Amino acid sequence: MSAVNSRAPVPMTRQRGVTLIEALIAGIVLAIGILGVVSLLALSKVSQHETIQRTRAISLADDILERIRRNPAGITAYQTGTTGFENPLGNGSITDEPDPDCSTATCTPAQLAAHDRWAWERLLDGASVTVTDGGTTTSTTRIRGLRGCIAFAADAGKTNTGVVSVVLQWQGLRDTADAVPTGNVCGGDAAGTDPTRRQVVIDTYLIDETEL
C-alpha cells in the first residue's frame, strides 16, 4: 500500500488589515482636508478684519459730518485743500491742538472748524488708545494708512449750503482688481496707485439755515 499523507490541507484565508499604500492615500486625503479648513479660516479672518475696518471708517466719516452739520458756517475751513483731495488729514498732519480749545471756550466758526479737524485727525490716528513698548508708542485701533479728505461744492448763489463729501482711504490686507479706480483720490493721484487701496465715500447735503 502506498503511504498516505495524513496532514490536512491549510485553508486559504483573506488578507486583512491596511496596506501601506492605503494608509498613504488616507493621509493625503486628510492633509488636503485640513489645508482646506485652514485656508477657509484664514480667508474668513481676513474678510472679518476688512469688514471691521470698513465699519470703523464709516463711523469716522459720520463723526466729522456731525461736526460739520453743527458748524455749517465754517465749512470752507473744514475742506482739505482747494478741491478737498490734495491735503488729507491723518498721520499727525496737525501737530498741535489749535488755540483756543473750543470744547471749553467760545470760538468763531473758523476756529471751531480748526479744532474739529484736529480732534478728527486724532481719531484717524487712533491717538486715544495706545500702548507703549520699549519707549515706542503705538495705536491699537488705528487703521493702516488711514487718510481723510473733506470736499465741499456749494449750491449756486450759496456759500455754506451744498454737498459735502467725506472720503476715507486706507490700505487693506490684499491687492484687489478695483483698488485703483478713476476719479478723485484722497491724497492726490499718487495715492491712487496703491493696489491695496480701500476707500469709503459718504456724501451729504449741508444746509446753512442763515442762507434760507
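## Close-ups of a predicted model

**View 1. Ala113 is tucked away: this residue is buried, with a relative accessible area of 0%.** Keep in mind that everything here comes from a predicted model. Ala113 sits in helix α3, which covers residues 109-124. Which residues does Ala113 touch, once its neighbours within four places in sequence are left aside? They are Asn71, Gly74, Ala77 and Tyr78. Take Gly74: it is 39 residues away from Ala113 along the chain, yet the C-alpha atoms of the two are separated by 5.8 Å.

**View 2. Here's the whole chain, with three helices and five strands.** Start at the N terminus and the elements run α-α-α-β-β-β-β-β. Of the 212 residues in the protein chain, 31% are buried. Now look at contacts with a separation of 6 or more: residues 24 or more positions apart account for 66% of them. On the outside, the accessible surface comes to about 13700 Å², and carbon and sulfur atoms hold 57% of that.

**View 3. A disulfide ties Cys102 to Cys107.** A disulfide is a covalent bond between the sulfur atoms of two cysteines. In this one, the S to S distance is 2.1 Å. The torsion about the S-S bond of Cys102 and Cys107 is about -105°, so this disulfide is left-handed. Are its two ends buried or exposed? Cys102 has 15% relative accessibility, so it counts as buried, the cut-off being under 20%. Cys107, at 23%, counts as partly exposed.

**View 4. Another disulfide joins Cys149 to Cys186.** Its S to S distance is 2.1 Å, and with 90° about the S-S bond the link is right-handed. This pair connects distant parts of the chain, 37 residues apart: Cys149 belongs to strand β3 (residues 147-154), while Cys186 lies in the loop between β4 (162-171) and β5 (197-206). Both Cys149 and Cys186 are buried. A search of the whole structure finds two disulfides, and counting bonded cysteines along the chain gives the pattern 1-2, 3-4.

**View 5. Meet the largest pocket, with about 160 Å³ of space.** Rolling a probe the size of a water molecule over the atoms shows where empty space is left. Which residues line the largest pocket? Going along the chain, they are His49, Ile52, Gln53, Arg56, Thr140, Thr141, Arg142, Ile143, Arg144 and Leu173. By type, the lining divides into three nonpolar, four polar and three charged residues.

Technical notes:
Residues are numbered from 1 along each chain as its sequence is written. This is a predicted model: local features need pLDDT of at least 70, side-chain atom pairs count only at pLDDT 80 or more; totals for chains, interfaces and linings use all residues. Side-chain values use heavy atoms; hydrogens and water are left out. Helices (H or I, at least four residues) and strands (E, at least two) are DSSP runs, numbered from the N terminus. Buried means under 20% relative accessible area, exposed over 50%, partly exposed in between (1.4 Å probe, protein chains only). Contact means heavy atoms within 4.5 Å. On a 1 Å grid over the protein atoms alone, a cavity is a set of points where a 1.4 Å probe fits but cannot get out, and a pocket is an open set with protein on both sides within 12 Å along at least five of seven lines; lining residues have an atom within 4 Å of a point. Grid points are joined across faces, edges and corners, and a volume is the space filled by probe spheres set on the points. Ala, Val, Leu, Ile, Met, Phe, Trp, Tyr, Cys and Pro count as nonpolar, Asp, Glu, Lys and Arg as charged, and the others, Gly among them, as polar. Accessible areas come from the Shrake-Rupley method with a 1.4 Å probe; for residues, only the protein chains shown count as cover. A disulfide is a pair of cysteine sulfur atoms within 2.5 Å.
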